[in-house]
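The following exercises concern aromatic contacts and surface exposure, and each is followed by a worked solution. Please work through them with the sequence and the coordinates at hand.

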Amino acid sequence: MSRSRSDIFLIWALRCCAAIAGAIVLLIGAFLVIESMPALQHVGITRFFTDASWHPSADASQGTFNLAPMLWGTLLAMSGSVLLATPLGIGSAVFCHYYAPSSIAKFYRRLIELLAGIPSVVYGFWGLVVLVPLIRQLQPPGPSLLAGIIILTIMILPTVALMADAALTNVPAQYLRGAAALGLSRWGTIRGVVFPAAKSGIITGVILQTGRAIGETMAILMVCGNVVQTPSRIFDPIRTLTANIALEMAYAGGDHRSALFVSGLILLALIVVLVSAAEVHSKGRIYG
Amino acid sequence: MAEAARPTFRPAHTGFTDTIATVVVWLIAIIVTGVFVWLLSDIIWHGIGQVSWRFLTEAPRNAGRAGGIGPIIVSTLLILAVCIAVAMPLGVGTAVLLAEFTSSDNLFGRLVRRSLDVLAGVPSIVFGLFGNAFFCVYLGMGFSILSGGLTLACMTLPILIRSTEEGFRAVPDEYRLGAAALGMSRTSSLIHLLLPAAAPGLLVGMVLGMGRSIAETAALIFTSGYVDRMPQSLHDSGRSLSIHIFDLSMNVAGGDANAYASALVLIVILLIVNSVASWTSDRWLHKRIIS
């Protein structure tokens with residue numbers, strides 16, 4: 001088939017669109033690297049982990065730049081919430097598919113879909129006015145790692161549940177009939193047949209939600225107390241990398257600003273690792 | 001979400017673990033429902049009293065403790081408009097290329113897809129950093145609605161592209177074969193045949209992208225800024241609804257009442273937006289199954 005001139009024009013226009021869309025992530029990476037260069041040169045990578053504390057200043061020689069407590073905060077809040085949200089999310093999906101009567105399942109799905117759309121700032125606000133005072137009664141001061149973990153769990157749970165639900169939907173019906181023919185009980189079917197068949201989809205969902213837990217900013221900033229310290233108890237306030245950027249970006253200058261871009265770079269690197277893991281795991285088809 | 005075939009369980013005997021599992025699964029569902037009902041009812045309960053027509057149209061007074069959210073809604077809509085106006089052509093173009101003009105083993109297509117997957121995972125605060133460095137400082141747009149909208153456009157691209165691509169993939173191959181048999185050029189078959197047929201996917205993508213943009217806070221703090229006056233042009237700084245909630249609850253003592261009301265408004269807007277998306281995709285899937 002011969003190609004008309006308009007076709008050739010169209011294809012090149014589309015290629016330009018795709019090239020721009022694909023280049024954005026490179027542009028983001030490039031800008032983060034450029035902006036973090038001053039800090040990497042003046043402060044050096046080792047000082048970000050060995051300095052006495054986080055008291056940044058615009059001049060690298062006068063400040064201290066220890067990012068490690070914030071990295072710990074991020075990792076602890078992330079692991080806590082993923083550990084909680086994964087069983088709850090999978091349980092929700094299993095409930096919808098194999099336990100609930102269909103009217104309840106329908107209602108429950110709608111609820112979960114509704115929750116997946118609620119913005120993080122609303123979750124953070126609720127955490128601030130309801131959850132933090134409750135934790136304060138239990139164990140002062142209130143804003144804490146625990147509050148962060150609970151809010152993050154509530155936030156990523158709906159998406160874990162939706163992705164697990166999609167994975168369960170894809171389990172072939174003949175597997176279930178086979179299990180029924182063998183006389184397997186409900187839980188026996190789920191554990192022995194459904195989970196192995198849906199494992200890949202569920203794990204991909206959990207990996208992607210781990211990324212979301214790392215990147216969450218506003219909600220966690222509102223409930224965690226934002227004290228720069230490595231927490232020793234679950235009731236201690238923490239500050240995460242993301243919250244640190246949001247809090248200090250407004251007035252940061254010079255090497256301080258640059259150090260915040262370094263933490264952005266760390267976040268981006270964590271995400272690239274997680275997305276690659278998800279791609280390898282799902283053989284390149286993350287989104288079905 | 002589709003309803004899967006539901007098997008009937010008639011086991012020979014139900015063991016102890018089975019009973020435990022049933023109890024645990026029901027308990028999970030009850031806890032999850034409970035937490036969310038608590039959250040939603042709390043916000044509705046405290047927010048509903050404040051929301052009125054005056055609240056929606058008036059300017060905020062006394063740092064937002066009194067008055068309404070009129071200028072903030074206008075700023076939010078302007079940011080959204082910039083975002084959609086930029087992301088839409090770029091996203092649709094990329095989706096058409098990926099769905100119609102590249103085979104799945106094409107290197108360029110695979111690279112673009114891979115980079116979009118990463119883009120979809122980039123934390124919003126990193127978009128904020130990038131937007132600040134690139135749009136505000138490097139391109140000299142300053143804290144403005146334009147910078148904020150452009151930053152959000154970068155952020156919503158992956159979701160827009162994925163959904164539009166699904167729309168094109170859902171168009172049956174007979175359409176393309178028929179067009180080719182009639183000697184239509186790829187351009188005219190795209191414009192007259194494929195684009196209308198894939199429109200629902202496009203709409204769903206646009207609506208989902210809008211939802212994500214309205215909900216966004218972290219990417220906007222350092223790009224569109226905090227100013228709560230009525231914006232005069234796209235170069236003015238404008239405060240979005242979600243930033244307003246954040247500011248009222250964190251930085252303004254006594255701002256909780258209006259923060260509740262703004263949160264309620266935000267949730268209602270998102271509820272409408274998301275229902276449009278799920279209604280469209282449901283109807284469209286339904287139609288496809290029947291025809």
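**Exercise 1.** Locate A:Leu76 in the secondary structure and classify its exposure.

*Solution.* A:Leu76 belongs to helix H3 (residues 68-99) of chain A, where helices (H or I, at least four residues) and strands (E, at least two) are DSSP runs numbered from the N terminus. The model is predicted, so that local features need pLDDT of at least 70 and side-chain atom pairs count only at pLDDT 80 or more, while totals for chains, interfaces and linings use all residues. Residues are numbered from 1 along each chain as its sequence is written, chains are lettered from A and ligands numbered from 1 in the order in which they are written, and side-chain values use heavy atoms, without hydrogens and water. With a relative accessible area of 31%, A:Leu76 is partly exposed (buried means under 20%, exposed over 50%, partly exposed in between, with a 1.4 Å probe and protein chains only).

**Exercise 2.** Characterise the aromatic pair of A:Phe48 and A:Phe65.

*Solution.* Rings of Phe, Tyr and Trp (its six-membered ring) pair if their centres lie within 6.5 Å, with planes under 30 degrees apart stacked, over 60 edge-to-face and the rest tilted. The structure holds 14 such pairs over all chains. A:Phe48 and A:Phe65 are edge-to-face, at 6.3 Å centre to centre and 80° between the planes. Because A:Phe48 lies in helix H2 (residues 47-50) of chain A and A:Phe65 in strand E2 (residues 64-65) of chain A, the pair ties together parts that are 17 residues apart in sequence. A:Phe48 is buried at 2% relative accessibility, and A:Phe65 is buried at 0%.
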